[in-house]
Amino acid sequence: VEATANADQSNAVALILSTGFDLKSRKTIVAEAYRVSSHGVPGELRLSSPGIRRGSVIWQMTTTPEDESSWKQVAASTRARTVLRGLESGKQHFFRYAVITRQGQSEWSFQTL
C-alpha cells in the first residue's frame, strides 16, 4: 500500500484509507519562545531555546526583518544555549530560530531585541 500511495501522491490519502489502514500521524514541530540575554560583555549575547531531544537548532539574525533575504544564519547547535560574539553595540538585532528533527524543520520563531 505504501509503495502504491507514494507513486500516486495526489490520491495517496484516499488510497490508504480505502484499504482500511489509518494515516500515520506526524508530529507538528513548533519552535517555542526563546530568550536573548546579555551577560556583561559588549558585543556578546546568549541565545537560549527550550531544550530539544534528538534534534538541532538553527539561529538566524538580521537588522532588517522585513527583508526576508537579509536573514543570515549565525549559529547551529544541538545545545539549548548559544553565545554570539562580535555584534555591533547600539544596533537593534532581530533573531529567529527553527528546530530540526527527524520530522523536518519547524516554522521560524521570532523575537526582537
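A charge is taken to sit over a ring if NZ of Lys or CZ of Arg is within 6 Å of the ring centre and within 35 degrees of the ring normal. With that in hand, here are the close-ups of this predicted model.

**View 1. Arg-96 sits over the rings of Trp-71 and Trp-108.** Start with the charged end of Arg-96, which lies 4.2 Å from the centre of the Trp-71 ring. Now turn to Trp-108: Arg-96 lies over its face too, with 4.6 Å to the ring centre. Arg-96 also has a place in the strand pairing, as the bridge partner of Gln-60 in S6.

**View 2. Tyr-34, Trp-59 and Tyr-97 are linked into a cluster by ring pairs.** How many aromatic pairs does the model contain? The count comes to three. In one of them, Tyr-34 meets Trp-59 edge-to-face, at 5.2 Å centre to centre and with 80° between the planes. This pair brings together distant parts of the chain: Tyr-34 belongs to the loop between helix H2 (12-18) and S1, while Trp-59 is in strand S3, 25 residues apart. Tyr-34 pairs with Tyr-97 as well; the ring centres are 5.3 Å apart and the planes stand at 90°, so this pair is also edge-to-face. Here again distant parts of the chain are linked, since Tyr-97 is in strand S6 and the two residues are 63 apart.

**View 3. The three rings of the cluster belong to buried residues.** Are Tyr-34, Trp-59 and Tyr-97 buried or exposed? Tyr-34 has a relative accessible area of 8%, which is under the 20% limit, so this residue counts as buried. For Trp-59 the value is 0%, and this residue is buried. Tyr-97, at 1% relative accessibility, counts as buried too.

**View 4. Strand S6 is largely enclosed by the rest of the structure.** Why can S6 be described this way? Seven of its eight residues are buried, so the rest of the structure largely encloses the strand. S6 pairs with S3 in the antiparallel sense, over seven bridges. With strand S7 (residues 104-105), S6 makes an antiparallel pairing over two bridges. One place to look is Ile-100, whose bridge partner in S7 is Gln-105. A hairpin of two residues joins S6 to S7.

**View 5. His-93 is tucked into the loop between strand S5 (81-84) and strand S6 (94-101).** With a relative accessible area of 7%, His-93 is buried. Which backbone oxygen does the side chain of His-93 reach? That of Lys-91, at 3.0 Å.

**View 6. Three strands make an open sheet in the order S1-S2-S5.** Strands of a sheet pair through backbone hydrogen bonds, either parallel or antiparallel. In this sheet the pairing is antiparallel. The edge strands are S1 (35-37) and S5, each pairing on one side only. From one strand to the next, the twist averages 20°. S1 and strand S2 (residues 45-48) pair over three bridges, and Ser-37 stands opposite Arg-46 in S2. S2 and S5 pair over four bridges, with Leu-45 opposite Leu-84 in S5.

**View 7. Strand S5 has a covered face and an uncovered one.** Which residues belong to the covered face of S5? Thr-82 and Leu-84 do, while Arg-81 and Val-83 are on the uncovered face. Leu-84 is worth a second look here, as the residue that Leu-45 stands opposite.

**View 8. Pro-50 lies in the loop between S2 and strand S3 (56-62).** Pro-50 counts as partly exposed, at 25% relative accessibility. That value falls between the 20% limit for buried and the 50% limit for exposed, which is why Pro-50 is placed in the middle class. The C-alpha atom of Pro-50 is 8.8 Å from that of Arg-81, although the two residues are 31 apart along the chain. Arg-81 itself is on the uncovered face of S5.

Methods. Residues are numbered from 1 along each chain as its sequence is written. This is a predicted model: local features need pLDDT of at least 70, side-chain atom pairs count only at pLDDT 80 or more; totals for chains, interfaces and linings use all residues. Side-chain values use heavy atoms; hydrogens and water are left out. Buried means under 20% relative accessible area, exposed over 50%, partly exposed in between (1.4 Å probe, protein chains only). A polar contact is a pair of N or O atoms within 3.5 Å; within protein, one must be able to donate a hydrogen and the other to accept it, and residues adjacent in sequence count only if both atoms are side-chain atoms. Two strands pair if DSSP finds at least two bridges between them. Axes are lines fitted to C-alpha atoms, for helices over the stretch in contact, and angles run from 0 to 180 degrees between N-to-C directions. Rings of Phe, Tyr and Trp (its six-membered ring) pair if their centres lie within 6.5 Å; planes under 30 degrees apart count as stacked, over 60 as edge-to-face and the rest as tilted.
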